[in-house]
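Reader: I should like to learn how to read the features of a structure. May we go through them one at a time?

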Amino acid sequence: MPPESDHTVPYPRTTDMAEMARRCYPETLGFYRYWDSKRLNPDGSRRHMPGRSQIDPLEMKRWLPYLQLIEVHELPTGRSLVYRLVGQSEVAVHGYNPTGRTVAECAIGKESSDPLGNYNLVIDGRTPVYDWSKIPHPAGFLVSQECILLPLSEDDARVNMVITFGKIVSTLDQVRARLPRL
């Protein structure tokens, strides 16, 4: 069960992309539309999800600082999710570069959000997940964020990677800028 601060309020996420489009920032919607455009096959048919080979880093330059690419490993002992690429903005929010380490050990906001639950929804449902929440920054303050997690699959059946775009909505600097000067 995902963490909840008030048991009457569900964890803030959805797999409904129409709802996501109504509430997200333009950059997040732009990234989702880019991913969605990559689901087209050369013959015009649609895939459930694009493969990593359809995603072109040169086409994603404006989103690169906010991206994470997570490799999915199904092991006899359970699922392992490993950071393969972490953009500079995401590194700054983590306070270090988690590349090569697992989501279980390095995901921020585990106490107030449900990162593993989000990844499991994406992988098991082969569907995008949009999440908005407040997460703790390593420096001790809350960061408002939204994130879209998108499945990737080379065979269009098994999710072997998840690509995320995280938009930081507020930071400590933004909060300080709004405070009156004494």
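Author: Let us begin with the terms that a hairpin requires. Strands are DSSP runs of at least two residues marked E, numbered from the N terminus, and two strands pair if DSSP finds at least two bridges between them. Please bear in mind that this is a predicted model.

Reader: Through how many residues does a hairpin join β2 to β3?

Author: The hairpin from β2 to β3 passes through two residues. Strand β2 covers residues 67–75 and strand β3 covers residues 78–86. The two strands are antiparallel and pair over eight bridges. As one example, E74 has R79 in β3 as its bridge partner.

Reader: Where does this hairpin stand in the order of elements? What is the order from the N terminus on?

Author: The protein chain has six helices and six strands. Read from the N terminus, the order is β-α-α-β-β-α-α-α-β-β-β-α.

Reader: How should I read a salt bridge, and how many does the structure hold?

Author: The general idea is that side chains of opposite charge can pair when their charged atoms come close. This structure holds nine salt bridges. One of them lies between the two strands of the hairpin: E71 pairs with R84, with the closest N and O atoms 3.0 Å apart. Since E71 lies in strand β2 and R84 in strand β3, the pair ties together parts that are 13 residues apart in sequence.

Reader: Are E71 and R84 buried or partly exposed?

Author: A residue counts as buried when its relative accessible area is under 20%, and as exposed when that area is over 50%. E71 has 22% relative accessibility, so E71 counts as partly exposed. R84 has 38% and therefore also counts as partly exposed.

Reader: Which residues are joined into one network by salt bridges that share partners?

Author: The network consists of D36, R39 and R46. Within it, the side chains of D36 and R39 form a salt bridge at 2.6 Å, N to O. R39 counts as buried because its relative accessibility is 16%.

Reader: What separates K38 and E59 along the chain?

Author: The side chains of K38 and E59 form a salt bridge at 2.9 Å, N to O. This pair links distant parts of the chain, for both residues lie in the loop between α2 (26–37) and β2, 21 residues apart. K38 is at 18% relative accessibility and so counts as buried, whereas E59 is at 40% and so counts as partly exposed.

Reader: How is the interior to be read? Which residues have the most contacts inside the largest nonpolar core?

Author: Those residues are F31 and I163, in a core of 38 residues. Leaving aside residues up to four places away in sequence, I163 touches F31 and several others, including I55, M60, L67, L69 and I148. Over the whole protein chain, buried residues make up 44% of the 182 residues. The accessible surface is about 9900 Å², and 54% of it belongs to carbon and sulfur atoms.

Reader: How does the fold bring together residues that are far apart in sequence?

Author: Of the contacts with a separation of 6 or more, 52% come from residues 24 or more positions apart. Consider P12, in the segment before β1 (13–14). P12 and D114 are 102 residues apart in sequence, yet 9.6 Å apart in space, C-alpha to C-alpha. Beyond residues up to four places away in sequence, P12 touches Y130, D131, W132 and S133. P12 counts as partly exposed because its relative accessibility is 23%.

Conventions: Residues are numbered from 1 along each chain as its sequence is written. This is a predicted model: local features need pLDDT of at least 70, side-chain atom pairs count only at pLDDT 80 or more; totals for chains, interfaces and linings use all residues. Side-chain values use heavy atoms; hydrogens and water are left out. Helices (H or I, at least four residues) and strands (E, at least two) are DSSP runs, numbered from the N terminus. A salt bridge is a side-chain nitrogen of Lys or Arg within 4 Å of a carboxyl oxygen of Asp or Glu. Buried means under 20% relative accessible area, exposed over 50%, partly exposed in between (1.4 Å probe, protein chains only). Contact means heavy atoms within 4.5 Å. Accessible areas come from the Shrake-Rupley method with a 1.4 Å probe; for residues, only the protein chains shown count as cover. A nonpolar core is a set of buried Ala, Val, Leu, Ile, Met, Phe, Trp, Tyr and Cys residues joined through side-chain atoms within 4.5 Å.
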